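Work through the exercises below with the model open. They deal with charged side chains that pair, and with how exposed those side chains are.

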Amino acid sequence: APVIGMPGCETRCGDMIVPYPFGMGSSYCYLPGFNLTCDWLSDPPRLLLGDGTLQVAEDIGYPSDATLAVVYAGNIQTDGNGHGRLGGGLGDGGPYALPPAGNQLVLVGCNVRATLRSGNLTLSSCSSFCHDGRTSYMKSGKSSLLCSGMGCCQAPIVVNREVGAGGKLVPITSYDVELESFGRNRSDGRRWPARVFVAKKGWFTTWSASKQLSSDLRAAVDMEVPFWLNWEVVDGDATGDTDQLQRSKECPRDAAGGICKSNHTRCTRGDRGGYLCFCKQGYQGNAYITNGCQG
């Protein structure tokens, strides 16, 4: 049988496969930041990431493409000042971050603007307008919804870390949401509350998502919202050496040998300066464990 995880470690949660560097239980079973939790009380069991607010939605399989499909329940919660945060412990300090493309910022509400930021770096923003204090898409009943700014809006999330003349890389520390209301007939906490999501591109235009929200705005509390994450192995000062990352995508030899433990592997630097391991051409399997790549 192919080698999936570390010896003696559980590698399944229901029908989901959990390959190393991901793992459950003892810290021996996973690399730092890759600990998952299996909620065996759910039917079927749920595989949870980080602080438990994110659920792994698709089988991880062999970790070859460094992309993870996850879901969370409900819209991003904001406080009385309109500030909120996408949960799950995301950012450069850990292995998970939003990819440069594939996700959208989605806002439903009246006369309100949503902005997604990391510190002073703006990743996305859009504004939603209404004439009468009710989101206009609720009246349309259309089976296909494109948010153009009336009642709802959507915008791509662009993760561009290069700023300034020298193209210096800016670290992503968190994903913060800011809501700003303006004009009359605007959304508030009681009447037509604004809802903001980070979601997989095209999610909100599906009939199921738009119909669920248009029939009951409070349904946003329980609806599942899918989005993409990228991951890479963050080791020591990997994300801090941005100058070296800009010069080369090659891994230092000691890092390559310590993380890519199988023979017949190659190591590359990730977008955030971490490391990614792959089996060489002609081999397949898990490059992160001993003898994981088989011919």
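**Salt bridges in a predicted model**

Arg46 has a relative accessible area of 30%, so Arg46 is partly exposed. The structure is a predicted model, and a search of the whole of it finds 4 salt bridges.

**Exercise 1.** Decide whether the side chains of Asp39 and Arg46 meet in a salt bridge, and classify Asp39 as buried or exposed.

*Solution.*
1. The N to O distance between Asp39 and Arg46 is 3.3 Å.
2. The cut-off is within 4 Å, so the pair counts as a salt bridge.
3. Asp39 has a relative accessible area of 18%. Buried means under 20%, so Asp39 is buried.

**Exercise 2.** Find which strands are linked by the salt bridge of Glu180 with Arg113.

*Solution.*
1. In this salt bridge, the closest N and O atoms are 3.3 Å apart.
2. Glu180 belongs to strand S15 (residues 176-181) and Arg113 to strand S10 (residues 112-118).
3. The two residues are 67 residues apart, and the pair links distant parts of the chain.
4. Both are partly exposed: Glu180 at 28% relative accessible area, Arg113 at 30%.

**Exercise 3.** Treat the pair Glu178 and Arg117 likewise, giving the distance and the accessibility of each partner.

*Solution.*
1. The side chains of Glu178 and Arg117 form a salt bridge at 2.9 Å, N to O.
2. Glu178 is in strand S15 and Arg117 in strand S10, so this salt bridge ties together parts 61 residues apart in sequence.
3. Glu178 has a relative accessible area of 22% and is partly exposed; Arg117, at 26%, is also partly exposed.

Notes. Residues are numbered from 1 along each chain as its sequence is written. This is a predicted model: local features need pLDDT of at least 70, side-chain atom pairs count only at pLDDT 80 or more; totals for chains, interfaces and linings use all residues. Side-chain values use heavy atoms; hydrogens and water are left out. Buried means under 20% relative accessible area, exposed over 50%, partly exposed in between (1.4 Å probe, protein chains only). Helices (H or I, at least four residues) and strands (E, at least two) are DSSP runs, numbered from the N terminus.
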